[in-house]
Amino acid sequence: MTLNAIERLERAMEAGRRDLPLVRVAGPVREVTASAARVAGVSAFVRLGDRMGFSADGRTQVGEVVRIDAAGATVKPFESRIEAGIGSLAHRIGPAQLRPDPRWKGRVIDALGRPIDGLGPLAEGPASVPLDADPPAAMTRARVKTPLPTGVRAIDLFTPLCAGQRIGIFAGSGVGKSTLLAMLAGAQGFDSVVVALVGERGREVREFLEGPIAAARDRAVIVVSTGDESPMMRRQAPKVALAVAESFRDRGESVLLIVDSVTRYAHAARDVALAAGEPAVARGYPPSVFSDLPRLLERAGPGAEGTGTITGIFSVLVDGDDHNDPVADSIRGTLDGHVVLDRAIAEQGRYPAIELLGSISRLAGEVWTGDQRELVRKLKSMMARFEETRDLRLMGGYRAGSDPDLDQAVSLVPRIYEALRQEPGQPPSRDAFLELAQSLRG
């Protein structure tokens, strides 16, 4: 029986021979579509997530293996356009890895870990880290209990955060989501800040760098994948940001991670999964999207005992203002709290446009004292009474003096709303409860 070269190589590998010469696994391109290419002859040598390089026009175009079958591998490139043609060779590069280093702070990189700020090459860290690392084991993780003031009065009062918590900002388009994220980016008490701008408008990148994040720029790493880039780049940007954040966390640092937005990551993951042949099961989303989301989000949070923490703030773009959208619902069930922005509140000119009654922090009990918890309960009850009688009052069905509780709500709630208004340029809040009390007394 005559063995071909691949079979001889496989048998030699199984026999454990170590004296084989180094070879580069490659195969010809047999099919090219608008979103992916099929490479023959490499199925036995590649794994999902491996990178492959296409030789085209004198340069190498990099892609990722998204499907493997007996006939070959489906490779989706990181660039928007596939330049390889039928018969072009595609060679295996290996699994995606990154070598983060503390000297990356102050730099701006793309989803492949390449600098895009014009400040020269990046320093390489001592060890490489995978982009798809596993979250820390559940029983080894530290407890989350250290209060984290954000400087945003509405959040510090009604949805307070802890270091190592993961919270989502849920909003439709144009409701002030990015503005609120910019305000949160200025929070103090972090050794490092890692920001992933996923699918953002190109003009907003410099505005973010030179505006809200400018004060923390020397301790921040910004990962950028704009909306005009390929789904592969948008899908990888949050993974790169988490890999960088995890390397800082493992050094014992307290890290603030901001991802804007997770929804665009889900859109990109959907495009990749559909190109790999997965069926759509929920509003066009394949099943893998709903397993990728918790895996990504679980990587943030507290590290193992003795290491640092990653405090994650994830923005969620609610499609069509439908907060029961499958992606939003999946993310909300994974995170440790959610802040809901409401379009009607934004139209009234109240910013940040937080729907206080619909927002929750699952770790608020670690922050509030007993008196503060009781005060917030009474304030929410008063605001609920005020909102549920709004139509009645507009129709003239309310008469002062007939209901003391409603009288109090009508008197105080508008003043509470006014006290919670906060613009990006204003100084951050130092003590939200004290400032609210002073505003009501004034």
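Good morning. Of the 442 residues in this protein chain, 50% count as buried. Please keep in mind throughout that the structure before you is a predicted model. The chain contains 13 helices and 19 strands, and its C-alpha trace extends over about 100 × 45 × 40 Å along the principal axes. Among contacts between residues at least 6 apart in sequence, 71% join residues at least 24 apart.

Let me turn to the domains. The domain assignment divides the protein chain into domain 1 (24-95), domain 2 (98-365) and domain 3 (371-440). The centres of domain 2 and domain 3, taken over C-alpha atoms, are separated by 31 Å. To the contact between these two, domain 2 supplies 17 residues and domain 3 supplies 20 residues. There is also a record to mention: UniProt, in an unreviewed entry, places the feature "domain: AAA+ ATPase" at residues 163-346. In the model, that span is 42% helix and 24% strand, and its end C-alpha atoms lie 29 Å apart.

Next, the interior. In soluble globular proteins, nonpolar side chains tend to be buried together. Here, the largest nonpolar core has 56 residues, and L180, I213 and I222 are those with the most contacts inside it. Helix α12, residues 404-420, contributes the largest share of this core, namely six residues. Why does the core lie between domain 2 and domain 3? The reason is that both domain 2 (98-365) and domain 3 (371-440) give residues to it. We may look at L180 as an example. Neighbours within four places in sequence aside, L180 is in contact with V152, I155, I169, V339, L341, P352 and I354. Apart from this core lies another one, of 49 residues, which includes V221, M232, F248 and F314.

I now come to helix α8, residues 326-334. How many of its nine residues are buried? Seven of them are, and the helix is therefore described as mostly covered. The buried residues of α8 are P326, V327, A328, S330, I331, R332 and T334. Among the elements that cover these buried residues are the helices α6 (262-275) and α7 (287-298), together with the strands β12 (166-171), β17 (309-317) and β18 (337-340). One residue of this helix, R332, also lies over the face of F170, at 5.6 Å from the ring centre.

That brings me to the aromatic rings. A pair of aromatic rings is described by the distance of the centres and the angle of the planes. The structure holds two such pairs. One is formed by Y285 and F290; the pair is edge-to-face, with 6.0 Å centre to centre and 70 degrees between the planes. Are these two rings' residues buried or partly exposed? Y285 has 2% relative accessibility and so counts as buried, whereas F290, at 22%, counts as partly exposed. The cut-off that decides this is that buried means under 20% relative accessible area.

The other pair, F386 and Y417, is edge-to-face as well, at 6.3 Å centre to centre and 80 degrees between the planes. F386 belongs to helix α10 (residues 370-388) and Y417 to helix α12, so this pair ties together parts that are 31 residues apart in sequence. F386 counts as buried because its relative accessibility is 6%, and Y417 counts as buried because its relative accessibility is 12%. Y417 has a further partner: R350 lies over its face, at 3.7 Å from the ring centre.

Finally, let us consider two loop residues. G365 lies in the loop between β19 (360-361) and α10. With 47% relative accessibility, G365 counts as partly exposed. Where does its C-alpha atom stand relative to that of P160? The two residues are 205 apart along the chain, and their C-alpha atoms are separated by 8.9 Å.

Q426 is found in the loop between α12 and α13 (432-441). Its relative accessible area is 38%, so Q426 is partly exposed. Leaving out residues up to four places away in sequence, Q426 touches R153 and R421. Q426 and A26 are 400 residues apart in sequence, and their C-alpha atoms are 58 Å apart in space.

To close, I would return to the core of 56 residues, to which domain 2 and domain 3 both give residues, so that it lies between them. Thank you for your attention.

Definitions and conventions. Residues are numbered from 1 along each chain as its sequence is written. Side-chain values use heavy atoms; hydrogens and water are left out. A nonpolar core is a set of buried Ala, Val, Leu, Ile, Met, Phe, Trp, Tyr and Cys residues joined through side-chain atoms within 4.5 Å. Buried means under 20% relative accessible area, exposed over 50%, partly exposed in between (1.4 Å probe, protein chains only). Helices (H or I, at least four residues) and strands (E, at least two) are DSSP runs, numbered from the N terminus. Domain bounds come from an automatic or database domain assignment. Contact means heavy atoms within 4.5 Å. UniProt positions are given in the numbering used here, feature names are shortened, and annotations may be inferred rather than shown by experiment. Rings of Phe, Tyr and Trp (its six-membered ring) pair if their centres lie within 6.5 Å; planes under 30 degrees apart count as stacked, over 60 as edge-to-face and the rest as tilted. A charge sits over a ring if NZ of Lys or CZ of Arg is within 6 Å of the ring centre and within 35 degrees of the ring normal.
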